[in-house]
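This report concerns two patches on the surface of a protein model and the elements that carry them. The account begins with the charged patch and then turns to the nonpolar one.

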Amino acid sequence: MSRDEVTVHVGRNGTDTIAADTRTLETTESFGIVLESHDTPAHVHCRLGGDLAHVATLEQSHYYVEPDEETYVPILVDDVDADVAGTLEVSTGYGAASVSIDVTVTPGPPPVEVDETLAQPQSPEQEPTVFERLSTTSGLDAGTIGLFVLGLLALGVATATAAVVGGPVALVGVLVVVVGIGVATLLLLR
């Protein structure tokens, strides 16, 4: 049911004695009391007080505890929007001995929204291409970088052709390619 519980010892120090392991409890959910009897049987009465009585419920208020046995008393708590404080009183011997436990119920964590995308496997992040890395570091887009690469390729072809053919006409051809690349570069970077 719940991981929050308080142990109350009944009759540990003689007939009609009662003692709790703790005097305070803070919880966000339902909790319980473990009535631990020592040596003699006992009738135990449980009562909720303060604002706790408005948000918590005891299944029953009277319990008979067998000697040397434990009895679990569940206390059901409603969801709350703000802190709610109150007391849990446990008594024996027709009220001759009692113990009071201060209980604070706090709002639980907000619910987690789950949709269909949680069931879909996540694709691993792709390594960026050379063009993507250049475009993010230089501020140029991939198309502009591609045109620069083509211009360099055209310059390489023109230079190789001029070296094979030779002569002043081939040199003029290389100069025309260089001027064309320069004009294209100026137009792209404007």
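In this predicted model, residue E70 belongs to strand β8, which covers residues 70-77. Its relative accessibility is 53%, and E70 is therefore classed as exposed. E70 is also a member of a negatively charged surface patch, in which it is joined by E5, D39, E66, D68 and E69.

The second patch is nonpolar and has an area of about 570 Å². Its members are L147, L150, L153, V157, L188 and L189. Helices α3 (142-165) and α4 (168-189) each contribute at least two residues to this nonpolar patch. The largest contribution comes from α3, with four residues. One of the patch members, L150, lies in helix α3. L150 has a relative accessibility of 52%, so this residue counts as exposed.

The two residues described individually are set out below.

| Residue | Element | Relative accessibility |
|---|---|---|
| E70 | strand β8 | 53%, exposed |
| L150 | helix α3 | 52%, exposed |

An annotation from a record can be placed beside these values. The unreviewed UniProt entry assigns the feature "transmembrane region" to residues 142-163 and 169-189. In the model, the span of residues 169-189 is 100% helix and 0% strand. The C-alpha atoms at the ends of this span are 31 Å apart.

Which helix gives the most residues to the nonpolar patch? It is α3, which supplies four.

Key. Residues are numbered from 1 along each chain as its sequence is written. This is a predicted model: local features need pLDDT of at least 70, side-chain atom pairs count only at pLDDT 80 or more; totals for chains, interfaces and linings use all residues. Side-chain values use heavy atoms; hydrogens and water are left out. Patches are made of residues with over 30% relative accessible area and no salt bridge: like charges are joined within 9 Å, nonpolar side chains (Val, Leu, Ile, Met, Phe, Trp, Tyr) within 5 Å. Accessible areas come from the Shrake-Rupley method with a 1.4 Å probe; for residues, only the protein chains shown count as cover. A salt bridge is a side-chain nitrogen of Lys or Arg within 4 Å of a carboxyl oxygen of Asp or Glu. Lys and Arg count as positive and Asp and Glu as negative; His and the chain ends are not counted. The place of a charge is taken as NZ of Lys, CZ of Arg, CG of Asp or CD of Glu. Buried means under 20% relative accessible area, exposed over 50%, partly exposed in between (1.4 Å probe, protein chains only). UniProt positions are given in the numbering used here, feature names are shortened, and annotations may be inferred rather than shown by experiment.
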